[in-house]
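Here's a quick briefing to read with the structure open in your viewer. Have a look at the fold before going through the points.

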Amino acid sequence: MEIRRVTRVDEVLAAGHLFDERPSRPATVRFVADERHHLLIAYLDDGTPAAMITGVEMTHPDKGTEMFLYELGVDEAYQGRGIGKALVAALAELARTRGCFGMWVIADGDNTAALATYRRAGGASEDGQVVLAWAFDE
């Protein structure tokens, strides 16, 4: 297995099955154009994209820069092999090299596979946190 940072639109679209929905070309162009947006893909030895992780660097004036782990997707056929954990570790290492002070993720409380992966990769729950969301009509 090889983990690579992907920066080309065609590479993202070729791994589209790893995302919740197929990536749109305009959003993908915008994503890869920003150096603070990161997409890592785990490729099998035969070149098959098996899993992906995305992260976004976020900077705040009084806190510095941290990495938001936006999404982790592992092809169902390759789950349970440690690929997700390897991707989380690779994104964390990238965050360190980019000067981030930490990394965080939001996961559904009933997504036991994701929570187990994040915990195996060193993530810890923070008590008292609440996530609120706004949805804007398109």
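What follows covers one helix, its packing against a neighbour, and a handful of single residues.

Keep in mind that this is a predicted model. The main character is helix 4, residues 112-120, with Ala114, Thr117 and Tyr118 buried. Helix 3 crosses helix 4 at roughly 50°, and Lys85, one of the residues picked out below, lies in helix 3.

**Helix 4: inside and outside**

- Which residues of helix 4 are buried? They are Ala114, Thr117 and Tyr118. These three span an arc of only 95° around the axis, so they sit on the same side of helix 4.
- That one-sidedness fits the usual geometry: an α-helix has 3.6 residues a turn, so residues three or four places apart point the same way.
- Flip to the face of helix 4 turned away from its buried side and you'll find the exposed residues Thr112 and Arg120.
- What covers the buried residues of helix 4? The cover includes strand 4 (64-74), helix 3 (83-97) and strand 5 (103-105).
- Just past the end of helix 4, Gly122 has a positive phi of about 105°.

**Helix 3 against helix 4**

- Two numbers do the job for a pair like this: packed helices are described by the angle between their axes and the distance between the axes.
- Here the axes of helix 3 and helix 4 come within 9 Å and cross at roughly 50°. That angle makes helix 3 oblique to helix 4.
- As for handedness, helix 3 passes helix 4 in a right-handed crossing.
- On the helix 3 side, the contact is made by Gly84, Lys85 and Val88. Helix 4 brings Thr117, Tyr118 and Arg120.
- Sorted by class, this contact has 2 nonpolar, 2 polar and 2 charged residues.
- Some names come up twice: Thr117 and Tyr118 are among the buried residues of helix 4, and both also take part in the contact with helix 3. Arg120 is in that contact too, although Arg120 counts as exposed.

**Lys85 and Gly82**

- Lys85, in helix 3, is partly exposed, with a relative accessible area of 39%.
- What does Lys85 touch, leaving aside its neighbours within four places in sequence? Lys85 is in contact with Thr117, Arg120 and Ala121.
- Lys85 and Glu71 are 14 residues apart along the chain, and their C-alpha atoms are separated by 13 Å.
- Gly82 belongs to the loop between strand 4 and helix 3. Its relative accessible area is 41%, so Gly82 is partly exposed.
- Gly82 and Met1 are 81 residues apart along the chain, yet 11 Å separates their C-alpha atoms.

**Glu11**

- Glu11 sits in helix 1, residues 9-14.
- Buried or exposed? Glu11 is buried, at a relative accessible area of 18%, because the cut-off for buried is under 20%.
- Not counting residues up to four places away in sequence, Glu11 touches Arg4, Val6, Ile41 and Tyr43.

**Met58**

- Look for Met58 in strand 3, residues 49-60. At 35% relative accessibility, Met58 counts as partly exposed.
- Met58 touches Gly64, Thr65, Glu66, Phe68 and Trp104, with residues up to four places away in sequence not counted.
- The C-alpha atoms of Met58 and Arg36 are separated by 8.0 Å, with the two residues 22 apart along the chain.

Conventions
Residues are numbered from 1 along each chain as its sequence is written. This is a predicted model: local features need pLDDT of at least 70, side-chain atom pairs count only at pLDDT 80 or more; totals for chains, interfaces and linings use all residues. Side-chain values use heavy atoms; hydrogens and water are left out. Buried means under 20% relative accessible area, exposed over 50%, partly exposed in between (1.4 Å probe, protein chains only). Helices (H or I, at least four residues) and strands (E, at least two) are DSSP runs, numbered from the N terminus. The arc is that of the directions from the helix axis to the C-beta atoms. Contact means heavy atoms within 4.5 Å. Axes are lines fitted to C-alpha atoms, for helices over the stretch in contact, and angles run from 0 to 180 degrees between N-to-C directions. Angles under 35 degrees count as roughly parallel, over 145 as roughly antiparallel, 65 to 115 as roughly perpendicular and the rest as oblique. A crossing is left-handed if the near helix is turned anticlockwise from the far one by less than a right angle, and right-handed if clockwise. Ala, Val, Leu, Ile, Met, Phe, Trp, Tyr, Cys and Pro count as nonpolar, Asp, Glu, Lys and Arg as charged, and the others, Gly among them, as polar.
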